Amino acid sequence: MSLSHFRITRFQFARDRVIGDSQVRADDVNVAALELVSKSGEVGLGFIQTLFDPLPDQIEIETVFEHEVWPALKGHKAIALVHRVNRPRGGNQRAYSLPFHEAVQVALWDLAAKEAGLPLHVLLGSRRNRVKAYASGLDFHLDDDAFVSLFSHAASLGYSAFKIKVGHPDFDRDLRRLELLKSCVPAGSKIMIDPNEAWTSKEALVKLVAIRDAGHDLLWVEDPILRHDHEGLRMLRQAITWTQINSGEYLDLQGKRLLLEAHAADILNVHGQVTDVMRIGWLAAELGIPVSIGNTFLEIGVHMAVALPEVEWLEYSFQNFDHLVEQPIEIRDGYAYAPDRPGHGLVLSEEKARGEWMRPRRLIRSELGTAPENTRLPGK
């Protein structure tokens with residue numbers, strides 16, 4: 001059935017811990033739910049997220065969406081839109097005023113799968129229903145005690161792979177964090193590091209050698225240098241034979257394609273834009289390049305992870321979003337499981353999301369109050 005109307009519900013709340021990396025930090029959540037509703041009453045759900053600044057008031061979000069996005073969706077069937085290819089040129093090649101891109105893709109695919117009566121991952125072509133998850137701390141701004149507590153808890157849950165943030169101006173601090181991680185996770189665990197572009201290419205080479213010489217084996221290093229430095233990334237791929245270069249997080253679809261064509265990554269990092277991820281995932285499969293699924297809102301990326309042939313890992317970062325939906329993605333014994341419910345399986349919670357946590361108007365940080373309960377962390 002064709003799309004008849006949309007709903008937007010705005011949220012704003014404190015995080016249960018400060019998250020961030022060598023470049024950024026955040027201690028609050030600014031997100032809105034986008035629901036696309038068909039004439040049959042089926043609903044496709046996506047999320048509009050900004051990491052560092054509050055979204056405008058809900059009425060303003062609705063106004064911008066109605067003006068910039070809705071005319072291209074209204075009256076069309078979701079299944080007819082998810083593969084549509086546009087060729088914007090000139091002034092038409094521009095981003096939306098608000099970050100709608102991912103939310104629209106996720107909501108359309110959710111609705112298309114529901115109307116086909118299939119889980120999203122099945123519609124995308126999955127042959128499995130689970131993927132290995134690695135525990136990612138977003139831990140750069142945590143003190144050592146909180147760092148150890150987080151990763152010790154992750155290890156107790158059955159995770160066998162762990163990613164930490166590095167790139168501190170004091171390299172000894174990076175080395176100390178790796179030692180602390182080694183002390184609180186099982187021997188033989190897979191370890192990844194993420195400097196978030198903190199290093200130059202020569203600096204990355206020197207520091208990765210030092211990390212190896214200090215006795216730390218790495219599964220991969222993620223975004224060690226600037227995203228467009230294809231020459232530097234190729235140099236690292238050739239020089240660093242004991243680990244892999246994971247890159248692509250900060251690039252759009254075209255940038256990811258150029259990264260692959262430049263042979264500048266051992267692993268391609270993608271996130272939550274379903275159409276974009278599947279398109280670049282197909283190209284990566286043709287080239288034999290593995291794909292990793294980075295953080296996706298409420299772990300929607302599990303559907304793409306189990307549908308693409310080159311994905312071994314999905315990132316999980318213990319963020320307190322679960323209260324927004326009736327039934328979050330199951331993560332158990334180090335695996336994330338794709339739901340067998342129609343669509344992506346996430347439905348906005350009427351009681352908690354719309355009833356308790358809806359914030360139609362923009363609040364200042366001091367008005368946010370206590371963070372929602374994070375049931376996946378101890379003492380939260």
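In this predicted model, Phe 6 is placed in strand β1. With a relative accessible area of 16%, Phe 6 is buried, because buried residues are those under 20%. Beyond the residues up to four places away in sequence, Phe 6 touches Leu 34, Glu 35, Leu 36, Glu 62, Phe 65, Glu 66 and Trp 70. Phe 6 and Val 43 are 37 residues apart along the chain, and their C-alpha atoms are separated by 8.9 Å.

Three of the residues touched by Phe 6, namely Leu 34, Leu 36 and Phe 65, also appear in the description of the largest nonpolar core. This core has 111 residues, and those that touch the most other members are Leu 34, Leu 36, Phe 47, Phe 65, Leu 73, Phe 162 and Ile 193. The element that gives the most to this core is helix α3, residues 101-116, with nine residues. A second core, separate from the largest, has seven residues, among them Ala 161, Met 192, Ile 267 and Trp 313. In soluble globular proteins, nonpolar side chains tend to be buried together.

Phe 47 was examined further as one of the core residues with the most contacts to other members. When neighbours within four places in sequence are left aside, Phe 47 is in contact with Val 31, Ala 32 and Ala 33, with Ala 103, with Phe 297 and Leu 298, with Leu 324 and Val 325, and with Leu 348.

Phe 47 also belongs to the lining of the largest cavity, together with Gly 46, Glu 102, Ala 103, Val 106, Phe 297, Ile 300, His 344 and Leu 346. The volume of this cavity is about 70 Å³. Helix α3 provides the largest share of its lining, three residues, and both β3 (43-50) and α3 supply at least two residues each. Sorted by class, the lining of the largest cavity consists of six nonpolar, two polar and one charged residues.

In total, the structure holds two cavities of 30 Å³ or more. The second largest cavity has a volume of about 30 Å³. Its lining is formed by Leu 298, Glu 299, Tyr 316, Gln 319, Phe 321 and Asp 322, with three nonpolar, one polar and two charged residues by class. Leu 298, which lines the second largest cavity, is also among the contacts of Phe 47.

Pockets were considered separately. The second largest pocket has a volume of about 200 Å³. Its lining comprises 13 residues, and Lys 182, Gly 188, Ser 189, Ile 191 and Asp 217 lie nearest the centre of the pocket. Helix α6, residues 171-184, gives the most to this lining, with three residues. The class composition of the lining is seven nonpolar, four polar and two charged residues.

Helix α12 spans residues 350-357, and its buried residues are Ala 353, Arg 354 and Trp 357. Viewed down the axis of α12, these buried residues fall within an arc of 125°, so they line one face of the helix. Glu 351 and Gly 355 are exposed on the other side of α12. The cover over the buried residues of α12 includes β1 (3-20) and β2 (25-38).

The segment after α12 contains Thr 370. This residue is exposed, with a relative accessible area of 66%, because exposed residues are those over 50%. Thr 370 and Arg 15 are 355 residues apart in sequence, while the C-alpha to C-alpha separation is 8.5 Å.

Backbone angles were also examined in two loops. Glu 197 has a phi near 65°, a positive value in a residue other than glycine. Glu 197 is placed in the loop between β6 (190-194) and α7 (201-213), and with 13% relative accessibility Glu 197 counts as buried. A positive phi of about 55° is found for His 263, although His 263 is not a glycine. The loop that holds His 263 runs between α9 (253-261) and β9 (267-270). At 54% relative accessibility, His 263 counts as exposed.

Note on methods: Residues numbered from 1 in each chain as written. Predicted model: local features only at pLDDT ≥ 70, side-chain atom pairs only at ≥ 80, totals over all residues. Heavy atoms only, no water. 1 Å grid on protein atoms, 1.4 Å probe; cavity = no way out; pocket = protein on both sides within 12 Å on 5 of 7 lines; lining within 4 Å. Points joined across faces, edges and corners; volume = space filled by probe spheres on them. Helix = DSSP H or I, 4+ residues; strand = E, 2+ residues; numbered from the N terminus. Nonpolar A, V, L, I, M, F, W, Y, C, P; charged D, E, K, R; others polar. Core = buried A, V, L, I, M, F, W, Y, C linked by side-chain atoms within 4.5 Å. Buried < 20%, exposed > 50% of the residue type's maximum accessible area, 1.4 Å probe, protein only. Contact = heavy atoms within 4.5 Å. Arc of directions from axis to C-beta.
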